[in-house]
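Hi,

Here is the model I said I would pass on. Have a look at it first, and my notes follow underneath.

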Number of protein chains: 2
Amino acid sequence: MLSKKTKYAINALVFIAKNKDDQPISVSRISEEQNIPMKFLESILTELKNARILKSKKGKYGGYSLNGTPEEISMAKVMRLLDGAIGLLPCVTHEFYERCEECIDEETCGIRQITMEIRNETVKRLKAATLADIIKREKKLKK
Amino acid sequence: MLSKKTKYAINALVFIAKNKDDQPISVSRISEEQNIPMKFLESILTELKNARILKSKKGKYGGYSLNGTPEEISMAKVMRLLDGAIGLLPCVTHEFYERCEECIDEETCGIRQITMEIRNETVKRLKAATLADIIKREKKLKK
DNA sequence: TTAATTCCTACTTATTTGGTAGGCATTATA
DNA sequence: TATAATGCCTACCAAATAAGTAGGAATTAA
């Protein structure tokens, strides 16, 4: 299950991506319009900024804007940043690999093979799920 | 990510399914051979018994055995029992449905559509992942 | 009778999640 | 140059969940 943090992050990113001014958007505005607790959102956007997914402008009329195009930012990237591994087991992930403690032989583990297949399929879809893709889907759904 | 509880449960079930005697298998034996803390395992097997996935025999030479065939018990069933919903969002699951609190319009939510597709694919695979299937895969991998 | 087992109740401990509080630093504009 | 609106930073906190542990009663085969 996605954490609220990640869900909030994706919602905020989609909201920012929809904005067509050059003006950055403030935390308080995103917080109000997307129903996200303000201080919590603040800390999330800071993380996104540190990961160079967002960029910020300080001071009055400051705020956040995308650091890149909506095509470049995917759910996979955000989830990995905030929630860590995507796979169902620590042993089926590239970026966060760890051995399963109780595992007797990883190479011949049937459960591993299955979760690996699920991971591959899931990651493929989450990588395709860019902000641009999400917005496109929403437009289609609204018709 | 699967909880350790669920991972232990699946490992224990596979171990029990491989056993070809009529004799049930004791918690202590599974605990030793599968590297699972004994008392924790005990509580897990009790849950599986209450859910009628396992059946038990009390007293000396007692223990647990499958309540059904290895074809009938899938990872999906065990995961839902012990970890709850399989989907990435509370709003994309049949058996554990809940609205996302901050969500503005579920029907036109692009994130929901994506996670729904992932859920469908994942559940399909986890349902196919029966104990029989896992054992078959392991045999193949050992060659 | 005894050893090996499940069953039952209660407790514990560590980690993660989902926040909150308060103030400093920066910046546009009147 | 004052001020209001913002991001930035540090610290803290409460609730929930995960991962166990402890101890003993009841049952059963030999």
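Let's start with one residue: A:Asn35 sits in the loop of chain A that joins α2 (27-34) to α3 (38-50). (Helices here are DSSP runs of H or I with at least four residues, strands are runs of E with at least two, and both are numbered from the N terminus.) Before going on, the housekeeping: this is a predicted model, in which local features need pLDDT of at least 70 and side-chain atom pairs count only at pLDDT 80 or more, while totals for chains, interfaces and linings use all residues. Residues are numbered from 1 along each chain as its sequence is written, and chains are lettered from A and ligands numbered from 1 in the order in which they are written.

Back to A:Asn35: its phi is positive, about 60 degrees, although it is not a glycine. A:Asn35 is partly exposed, as 14 other C-beta atoms lie within 10 Å. (Buried takes 20 or more other C-beta atoms within 10 Å, exposed 12 or fewer, and partly exposed is in between, with C-beta atoms placed from the backbone.) A:Tyr61 is also not a glycine and has a positive phi of about 60 degrees. You'll find A:Tyr61 in the loop between β1 (54-57) and β2 (63-66) of chain A, and it counts as exposed because it has 8 C-beta neighbours inside 10 Å.

Now the two copies. A turn of 180 degrees with a shift of 0.0 Å along the axis lays chain A on chain B with an RMSD of 0.0 Å (a least-squares fit on C-alpha atoms of residues with pLDDT of at least 70 in both). That is the relation of a two-fold axis. The same surface serves both copies, with 100% of chain A's contact residues recurring in chain B.

As for that interface, 32 residues of chain A are in contact with 32 of chain B (contact means C-beta atoms, placed from the backbone, within 7 Å). On the chain A side, α1 (4-18), α5 (110-128) and α6 (131-142) each give two or more residues, and α5(A) has the largest share with nine residues. That side divides into 16 nonpolar, seven polar and nine charged residues. (Ala, Val, Leu, Ile, Met, Phe, Trp, Tyr, Cys and Pro count as nonpolar, Asp, Glu, Lys and Arg as charged, and the others, including Gly, as polar.)

Finally, the DNA: 25 residues surround strand D, and the closest are A:Ser26, B:Ser3, B:Pro37, B:Gly59 and B:Lys60 (near means a C-beta atom, placed from the backbone, within 6 Å). The surface near DNA strand D divides into six nonpolar, 10 polar and nine charged residues.

Cheers

Key. Two residues are in contact if their C-beta atoms, placed from the backbone, lie within 7 Å.
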